[in-house]
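Colleague: I'd like to learn how to read a model like this one, feature by feature. Could you walk me through it?

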Amino acid sequence: MAPMAVQILTRKLIKPSTPTPPHLHQVKLSLMDQLIPLTYLNMIFYYDPNTAATAYSGRGESRAKNKERCAQLEESLSQALTKFYPLAGRLVVDDLLVDCNDKGVEFLEAQVGGQLADFLHGGPNAEFLDQFVPGEVGAGDPSAEPLAAIQITTFGCGGLIIGVCVSHKVADAFSVITFVNGWATANRAGIKGVISPSFALGSLFPTSNLLPPSPPLTTKNEVMIVTRRFFFGRTAIQALIDDAKAAYISAFRPPTRVMVIAALIWKALIGVSLAKHRHLRASLLVHPMNLRGNTAISIPENSFGNLSMLFMERFAAEERKMELHELVRLLGNSTREMDPAKTSDIDDLCSMVSSSFGEARREKRHNRRVDVHLCSSWCGLPLYEADFGWGKPVWVSSSSKYEVVNLIENKCGDGIDAWVSMNEKDMIEFERDRDILAFISH
């Protein structure tokens, strides 16, 4: 595919349509927020002109309609920020809070030639994903950077891409999609239909003075990070589950779709390390778990912020058991040994969360003999409910500037996209892994 030339047309700050009341000017970060590195989450939503309930008779009409839609999105974003007002504020790093000063969310309008259908053929072309999210956000002083940035990219055909970039310091994936769906509702049906989120996690799970500051996520020696998409269809997933069932003959539950795909990718990552170092190395797979609905503690369902803990399992090089079902078994054990659903004490849960993040951080920063991989699942999140008034997205993807695997269901829900971001040289080896090639669909 020929290189795409995305042209940025405008860049501005969008503030809440009404000022945030003085008594809401400070939102305390929670313990989970405190533990999260200074980085951003990217979600990219693709809207086909055929689902937009509009028909264009010519390129001029298409451009006029795109301009009208961008203006409407800008207005509804301003309204939505009255509900999600911390996103328009700025981070006060030392005080572990958000100053809800209404400085605004960065809003970019962009355009690109060609057809969206061509770009989406066979799935979004991962090589161009970074062009559809604001590229400079997060590069400066954390206390001055916008906590959210949005880029609207229109195609000549009438297709549209919405790239959303939100500080992970104040929001997890659940919170980001809650914001996007709230904005979509405001754009489609008006602000009265948007449910106000709760910003009480900072009071429920207070920060700790004993924790060290979270450094930004950086890549080793600033290497080039690339993102690629690997799609696993229904048949491939079922074959993986059948292969992994050997590890669950006496288990209380069968392996899940996410578990077998995570195990397969982990196996390939271990293989990449073997090819690079010429010997097996210990490997740690870290996977966050959304605690909403997964703990005995009463937490508002509409809680906005980070509400997760890390689960991890170690592959010991001396075991030399790289069979898929063995890795699935390891992943299953990690979730059983530490069960937040059985915890009804806030202090106990905070201790579990702190320990999980602390262990992952120590291994990542201080143990040069172990490879640490992050695999996050967005499966089950209402990503495809973001209807701004011209239909639901035909695709949703992610991109990242650090090494991570994001698992996202396709629109039909019968397959899973693995968006893998890693060192460019390692990606070459990963892409030719035999198991990956055997199970992915093209």
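**Reading the model, feature by feature**

Modeller: Let's begin with a loop: Arg278 sits in the one between helix 7 and strand 10 (282-290). Keep in mind that we are looking at a predicted model.

Colleague: What is the phi of Arg278, and is it positive or negative?

Modeller: The general idea comes first: most residues other than glycine have a negative phi. Arg278 is not a glycine, yet its phi is positive, about 70°.

Colleague: Is Arg278 buried or exposed?

Modeller: Exposed, because its relative accessibility is 74% and the cut-off for that label is over 50%.

Colleague: Which residue other than glycine has a phi near 55°?

Modeller: That one is Leu96, again with a positive value. Leu96 belongs to the loop between strand 4 (90-92) and strand 5 (97-99).

Colleague: Back to helix 7, then. How do the axes of helix 6 and helix 7 cross?

Modeller: For a helix pair, look at the approach of the axes, then the angle, then the residues that touch. Helix 6 (residues 234-244) and helix 7 have axes that come within 9 Å and cross at roughly 85°. That makes the two helices, 6 and 7, roughly perpendicular, because the band for that word runs from 65 to 115 degrees. On the helix 6 side the contact uses Ile237, Leu240, Ile241 and Ala244, and on the helix 7 side Arg257, Val260, Ile261 and Leu264.

Colleague: How many residues in the contact of helix 6 with helix 7 are nonpolar, polar or charged?

Modeller: Seven are nonpolar, none is polar and one is charged.

Colleague: And what about helix 7 and helix 10: at what angle do their axes cross?

Modeller: Helix 7 spans residues 257-277 and helix 10 spans residues 424-431; their axes come within 9 Å, with a crossing angle of roughly 115°. This crossing is right-handed. Helix 7 brings Ile265, Ala268, Leu269, Val272, Ala275 and Lys276 to the contact, while helix 10 brings Asp426, Glu429 and Phe430. By residue class, that contact has six nonpolar, no polar and three charged residues.

Colleague: Phe430 has a ring. How many aromatic pairs does the structure hold?

Modeller: There are 13 aromatic pairs in the structure. As a general idea, a pair of aromatic rings is described by the distance of the centres and the angle of the planes. For Phe230 and Phe430 the centres are 5.2 Å apart and the planes are at 75°, an edge-to-face pair.

Colleague: Why does the pair of Phe230 and Phe430 tie together parts that are 200 residues apart in sequence?

Modeller: Because Phe230 lies in strand 9 (residues 225-232), whereas Phe430 lies in helix 10. Phe230 counts as buried, at 6% relative accessibility. Phe430 also counts as buried, at 0%.

Colleague: Which residues do ring pairs link into a cluster?

Modeller: The cluster consists of Tyr47, Phe84, Tyr85, Phe179, Trp183, Phe199, Phe304, Phe388 and Trp390.

Colleague: Which residues is Val27 in contact with, leaving aside its neighbours within four places in sequence?

Modeller: Val27 touches Tyr85, Pro86, Leu97, Val98, Cys100 and Phe199. Val27 belongs to strand 2 (residues 26-28). Val27 is buried, because its relative accessible area is 12% and the limit is under 20%.

Colleague: Last topic: sequence separation against distance in space. How far apart in space are Asn50 and Gly391?

Modeller: Read the two numbers side by side. Asn50 and Gly391 are 9.1 Å apart, C-alpha to C-alpha, with their positions 341 residues apart in sequence. Asn50 is in the loop between strand 3 (40-47) and helix 2 (59-80), and at 72% relative accessibility it counts as exposed.

Colleague: And how far apart in space are His277 and Thr20?

Modeller: His277 and Thr20 are 54 Å apart, C-alpha to C-alpha, at a sequence separation of 257 residues. His277 lies in helix 7 and counts as partly exposed, at 31% relative accessibility. Another case is Asp141 and Gly305, with C-alpha atoms separated by 21 Å and 164 residues along the chain. Asp141 is in the loop between helix 3 (116-120) and strand 7 (148-155), and it is partly exposed, with a relative accessible area of 44%.

Note on methods
Residues numbered from 1 in each chain as written. Predicted model: local features only at pLDDT ≥ 70, side-chain atom pairs only at ≥ 80, totals over all residues. Heavy atoms only, no water. Axes fitted to C-alpha atoms, helices over the stretch in contact; angles between N-to-C directions. Helix = DSSP H or I, 4+ residues; strand = E, 2+ residues; numbered from the N terminus. Left-handed = near helix turned anticlockwise from the far one by under 90°. Contact = heavy atoms within 4.5 Å. Nonpolar A, V, L, I, M, F, W, Y, C, P; charged D, E, K, R; others polar. Buried < 20%, exposed > 50% of the residue type's maximum accessible area, 1.4 Å probe, protein only. Parallel < 35°, antiparallel > 145°, perpendicular 65-115°, else oblique. Phe/Tyr/Trp six-rings, centres within 6.5 Å; stacked < 30°, edge-to-face > 60°.
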